[in-house]
Amino acid sequence: MTARRSPLKPLDEALDELLGFALTLVGIEPVSTFEADRRVLAQDLVSALEVPTKDNSAMDGYAVRCADVVQAQSVLPVSQRIAAGTSGEPLAPMSAARIFTGAPIPAGADAVVMQEDCELVRVKTESDGGAVRLKVMPVPGQWIRRAGQDVRRGAVILAKGVRLTPAALGLAASIGMNVLPVLRRPRVALFSTGDELVMPGEVLPEQMKPGTIYNSNRFFLRALLLRLGCEVSDLGIVPDRLDATVQALRSAAQNHDLILTSGGVSVGEEDHVRPAVQSLGTLDLWQIAIKPGKPFAYGRVQNAHFIGLPGNPVSSFITFLLLVRPFLLRLQGATELASRSIAVPAHFKWSKPDQRREFLRVKRNADGGLDLFPNQSSGVLTSAVWGDGLVDNPPGHTIAFGDVVRFISFSKVIG
């Protein structure tokens with residue numbers, strides 16, 4: 001079988017086609033709410049209770065009946081003390097209840113006066129609850145959190161397909177969920193090819209042979225996969241031999257959902273990934289109309305998906321964010337896949353645009369604009385460390401200082 005080469009494919013078209021192959025993985029796992037960060041919810045979460053369960057105080061202070069306070073500086077005897085986790089008695093007429101944040105509002109009370117607006121005029125004794133002067137006139141409902149104001153009984157608080165965040169875990173816990181049903185994590189096999197690659201720590205910088213480079217892609221790709229909730233098998237560096245590449249692919253396909261590689265899918269004599277994948281399954285070589293990151297490969301090795309990323313580190317990094325990330329989220333059943341952008345002014349000029357859609361490494365500055373990294377080469381990984389996001393620049397589009405551009409924050413697509 002020969003690989004099919006096509007003309008430059010628009011990014012959106014490539015993503016739609018890629019997502020069409022990404023069927024949600026079968027399997028639901030019960031996972032401790034403590035351990036469910038970044039997992040994808042498999043079922044709607046429906047609340048069996050209201051949160052809060054009862055009207056409660058939003059402040060430390062005194063619960064009162066507004067009708068009993070005829071003017072500022074009114075003095076009321078303190079009839080009871082209500083702490084969080086306890087239940088008070090109905091509020092006696094013409095009295096105040098000492099109350100603390102989170103404590104239930106006693107029947108009859110309709111406002112809380114915070115303690116900063118109160119003054120003790122008679123200290124509590126064994127036989128007397130003391131008295132308090134209210135420096136302000138209370139308003140009905142003030143400093144009271146109503147039952148169900150956060151969550152109503154029967155409400156869907158988190159929908160199926162949501163990727164869980166720390167706040168979402170807290171919300172789930174607030175309705176009593178200690179275990180959450182989540183979809184199975186993708187199993188991803190990661191390996192690199194190339195006899196020029198050397199692992200950090202194996203060879204000292206001064207002992208590097210001419211033409212060799214440290215394998216940086218393996219490190220950031222593994223980290224990105226883990227942040228997406230994947231189970232990662234790092235298969236290391238595969239020698240530049242067809243038989244070794246075939247064996248690595250055949251082994252990886254046995255128990256993984258995706259095989260991910262970087263480099264080695266071109267038509268060069270030493271690029272063995274392409275013929276190895278073709279010998280075991282199918283492969284399409286795409287030329288995506290983006291810069292950086294044009295070469296991209298998708299195929300199947302037995303029952304596993306195969307994705308080959310470009311070898312240049314920034315190209316590999318960006319194509320992962322734009323294509324592999326949504327693909328993996330779709331495998332997990334996530335409903336929100338897009339890399340969202342916001343409008344931000346450019347504090348730079350871009351006068352020589354490419355005919356492809358460009359993704360420029362930028363950083364937000366103190367003035368609310370975007371600064372441009374001076375070297376936009378696909379081999380300069382420093383740009384992705386210095387920057388905190390990308391400008392999504394349309395094909396052939398120049399940028400003048402002050403123009404509003406589309407900014408994709410790394411914080412929204414990494415982690």
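Which residues does Asn-56 touch, not counting residues up to four places away in sequence? In this predicted model, Asn-56 lies in strand 4, a short element that spans residues 56-57. With that exclusion applied, the residues that Asn-56 touches are Gly-102, Ala-103, Pro-104, Ile-105, Trp-143, Ile-144 and Arg-145. The relative accessibility of Asn-56 is 7%, and Asn-56 therefore counts as buried, the cut-off being under 20%.

From strand 4 the reader can move to a sheet. Six strands form an open sheet with mixed pairing, and their order across the sheet is 8-5-7-6-10-9. Its edges are strand 8, at residues 111-114, and strand 9, at residues 118-122, each of which pairs on one side only. Direction ignored, neighbouring strands of this sheet are turned against each other by 40° on average. Within the order given above, strand 5 (residues 61-64) pairs with strand 7 (residues 96-99) in the antiparallel sense, and three bridges connect the two. In this pairing, Tyr-62 has Arg-98 of strand 7 standing opposite.

The helices can be followed next, beginning with helix 3, which covers residues 217-227 and whose buried residues are Asn-217, Arg-218, Phe-220, Leu-221, Leu-224 and Leu-225. An α-helix has 3.6 residues a turn, so residues three or four places apart point the same way. The elements that cover the buried residues of helix 3 include strand 14 (187-193), strand 17 (231-238), strand 18 (258-262) and strand 22 (304-309), as well as helix 6 (313-331). Just after helix 3 ends, Gly-229 takes a positive phi of about 85°.

The packing of helix 3 on helix 6 can be described in some detail. Their axes lie 11 Å apart and make an angle of about 20°. Because angles under 35 degrees count as roughly parallel, helix 3 is classed as roughly parallel to helix 6. The crossing of these two helices is right-handed. On the side of helix 3 the contact is made by Asn-217, Phe-220, Leu-221, Leu-224 and Leu-225, and on the side of helix 6 by Pro-313, Ser-316, Phe-317, Phe-320, Leu-321 and Leu-328. Sorted by class, the residues of this contact are nine nonpolar, two polar and no charged.

Helix 6 also packs with helix 1 (residues 11-21), here at an angle of about 30° and with the axes 9 Å apart. Helix 1 and helix 6 are therefore roughly parallel to each other, and their crossing is right-handed. Leu-11, Ala-14, Leu-15, Leu-18, Leu-19 and Phe-21 of helix 1 meet Leu-322, Leu-323, Pro-326, Phe-327 and Arg-330 of helix 6. The contact of helix 1 with helix 6 has 10 nonpolar residues, no polar residues and one charged residue.

Another helix pair is formed by helix 4 (residues 242-253) and helix 5 (residues 273-280), which pack at an angle of about 50° with their axes 9 Å apart. These two helices are therefore oblique to each other, and their crossing is right-handed. Helix 4 contributes Leu-242, Thr-245, Val-246, Leu-249 and Arg-250 to the contact, while helix 5 contributes Val-273, Pro-275, Ala-276, Val-277, Ser-279 and Leu-280. By class, eight residues of this contact are nonpolar, two are polar and one is charged.

The last stop is strand 24 (residues 357-364), which is mostly covered, with six of its eight residues buried. Strand 20, at residues 290-291, runs parallel to strand 24 and is joined to strand 24 by two bridges, with Lys-291 standing opposite Glu-358. Strand 26 (residues 389-393) pairs with strand 24 in the antiparallel sense over five bridges, and in this pairing Val-362 stands opposite Gly-389. Strand 25 (residues 370-372) pairs with strand 24 in the antiparallel sense as well, over three bridges, and here Lys-363 stands opposite Asp-371. Strand 24 and strand 25 form a hairpin with five residues between the strands, and in this hairpin Gly-368 takes a positive phi near 85°.

Terms used
Residues numbered from 1 in each chain as written. Predicted model: local features only at pLDDT ≥ 70, side-chain atom pairs only at ≥ 80, totals over all residues. Heavy atoms only, no water. Axes fitted to C-alpha atoms, helices over the stretch in contact; angles between N-to-C directions. Helix = DSSP H or I, 4+ residues; strand = E, 2+ residues; numbered from the N terminus. Parallel < 35°, antiparallel > 145°, perpendicular 65-115°, else oblique. Left-handed = near helix turned anticlockwise from the far one by under 90°. Contact = heavy atoms within 4.5 Å. Nonpolar A, V, L, I, M, F, W, Y, C, P; charged D, E, K, R; others polar. Buried < 20%, exposed > 50% of the residue type's maximum accessible area, 1.4 Å probe, protein only. Pairing = 2+ DSSP bridges.
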